[in-house]
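Q: Please take a close look at one part of this structure, the surroundings of the ligand, and set that part in the context of the fold.

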Amino acid sequence: MKIGIIGAGVTGLALGRLLSSKFNVEILESSNKIGGIASTKTINDVTYHTIGGHCLNSKHQEVLDFIFDIIPKNNFNQIIRDAKILFKNHYIRYPIEFAIKEIYNIDKKIAFNITKDFLSTSNENSTNLEEWFINNFGDTLAQEYLIPYNTKIWNNDLRNMNYDWVIDKLPTPSPYDFFESLMNYKSDDMPHATFFYPVTNNQNDFLSALANDLNIVLNCKVTKIMKNSKKWIVNDSYKYDILINTSPLNNLFDLIYDAPADIKSYAQLLKYNKVTTMLWESNSQDFSWLYIPSQEIKFHRVINIGKFFLPNKNYMITEAIGEIDYNTMEAIGKKLDFLIKPIGHNISEHAYVVFDNNTNNVKKILMEYLDSVGMITVGRFGEWEYYNMDICIKKALEVFNRLVTQYES
Ligand SMILES: Cc1cc2nc3c(=O)[nH]c(=O)nc-3n(C[C@H](O)[C@H](O)[C@H](O)COP(=O)(O)OP(=O)(O)OC[C@H]3O[C@@H](n4cnc5c(N)ncnc54)[C@H](O)[C@@H]3O)c2cc1C
């Protein structure tokens, strides 16, 4: 039984690790390196997350067990998140729902209106993402922060987006938690409230440990997938009994030799965003990352990557949606006085799946087609979902358990 996996990102590597214990596995990776969008590069001895800063944690114990089984926990530093929001030129703590006292010191009327609206939210059914923010957080918080920030990060009118992705991604405090935060210091219970970063100060070492001893063919872009009665045949030469895709779904159907034309055109309806990042020498700052809702600064987030390292260093990564050239990124950076000098610049391919009104229907049609031909697809772009690394690993575990049950029985 030979299994082929397309892509050596976190999903492909986790699958490879798991499946290699039972099957003959080969991973085909188009790039000259492993790790996909989680991989880093080193500039002036500093780890640069070219697609944007990454922190690792999970609320799923089986995922943590898998990780710490490969890389013992003492190979990671555990770092406390200190995220901030640049709100009307003031730094306030994240999540914003627990920062009402700080907003009160900036603008009493806004603080009052946020409280009044939050405590009278209806939680009624929403038809789009903008309505969901208003219905769950109240009009003032939605207008002052959630809508401007999310419009930036999605580069989209939120009234044309669905909200399926949001549930596990945002802290959604109850009215009682909100009230308590007005009285006492309150923290959210999101998994990344603390996070793990390799003691080597480089995420690539986590990825390399995942890849260790796996059979990975680098520089091998999959361009043609065929199936005869028994085997999958990839690029006319690699033969597999089972084929698992982790590459982006919107491109996959152009690779499948006899995929129907209507399936190929449905796949073109899937939308995604690219991200541009810049690595900077910086001043020292306390925040681990900073959210910027203002439309006047094109960066939506600044990662204080130097705070992920021990000992700390003074380096930051700025992120902006879309393709932005070096000079424009450098000019935007002049608006933030803690940024000193750019030392790296990158424009991604796939970074964020965009959930518009077509996404769910299109995905359903594409998944049904893949089911009908017997191809497994998994991962952030393989399933077209807003998955973090831990959920990619969780999904890899699910595929592994399914295949073992199927083929060992
Ligand atoms: C800005 C940003 C910040 C993030 N922050 C975090 C965070 O803090 N914490 C966290 O846990 N997660 C974070 N994530 C999410 C995390 O990066 C992803 O969940 C994870 O890396 C996805 O892995 P994957 O293997 O599914 O996909 P990918 O990494 O995209 O891997 C797919 C692989 O397939 C290869 N491939 C594509 N086409 C072909 C082809 N035709 N032939 C062969 N190979 C091919 C690609 O080269 C790639 O290596 C973040 C993502 C972004 C964009």
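A: This is a predicted model, and its domain assignment provides the frame for the description. Domain 1 is made up of the segments 2-41, 62-70, 200-271 and 353-408, whereas domain 2 covers residues 96-189. Their C-alpha centres are 35 Å apart. Contact between the two involves 7 residues of domain 1 and 8 residues of domain 2. On the domain 1 side, the touching residues comprise 3 nonpolar, 3 polar and 1 charged.

Turning to the ligand, the shell around it contains 36 residues, of which Gly7, Gly9, Gly36, Gly52 and Gly379 come nearest. By class, this shell holds 17 nonpolar, 14 polar and 5 charged residues. Two helices each supply at least two residues of the shell: helix H1, which spans 10-19, and helix H13, which spans 389-408.

The strands complete the picture. Five of them form an open sheet with parallel pairing, in the order S9-S2-S1-S13-S21. At its edges are strand S9 (216-217) and strand S21 (376-377), each of which pairs on one side only. Within the sheet, strand S1, residues 2-6, runs parallel to strand S13, residues 242-245, and the two are joined over 4 bridges. One pair of bridge partners here is Ile3 and, in S13, Ile242.

In sequence, then, strand S1 occupies residues 2-6, Gly7 and Gly9 are among the residues that come nearest to the ligand, and helix H1 (10-19) contributes at least two residues to the shell.

Conventions. Residues numbered from 1 in each chain as written. Predicted model: local features only at pLDDT ≥ 70, side-chain atom pairs only at ≥ 80, totals over all residues. Domains from an automatic or database assignment. Nonpolar A, V, L, I, M, F, W, Y, C, P; charged D, E, K, R; others polar. Near = placed C-beta within 6 Å. Pairing = 2+ DSSP bridges.
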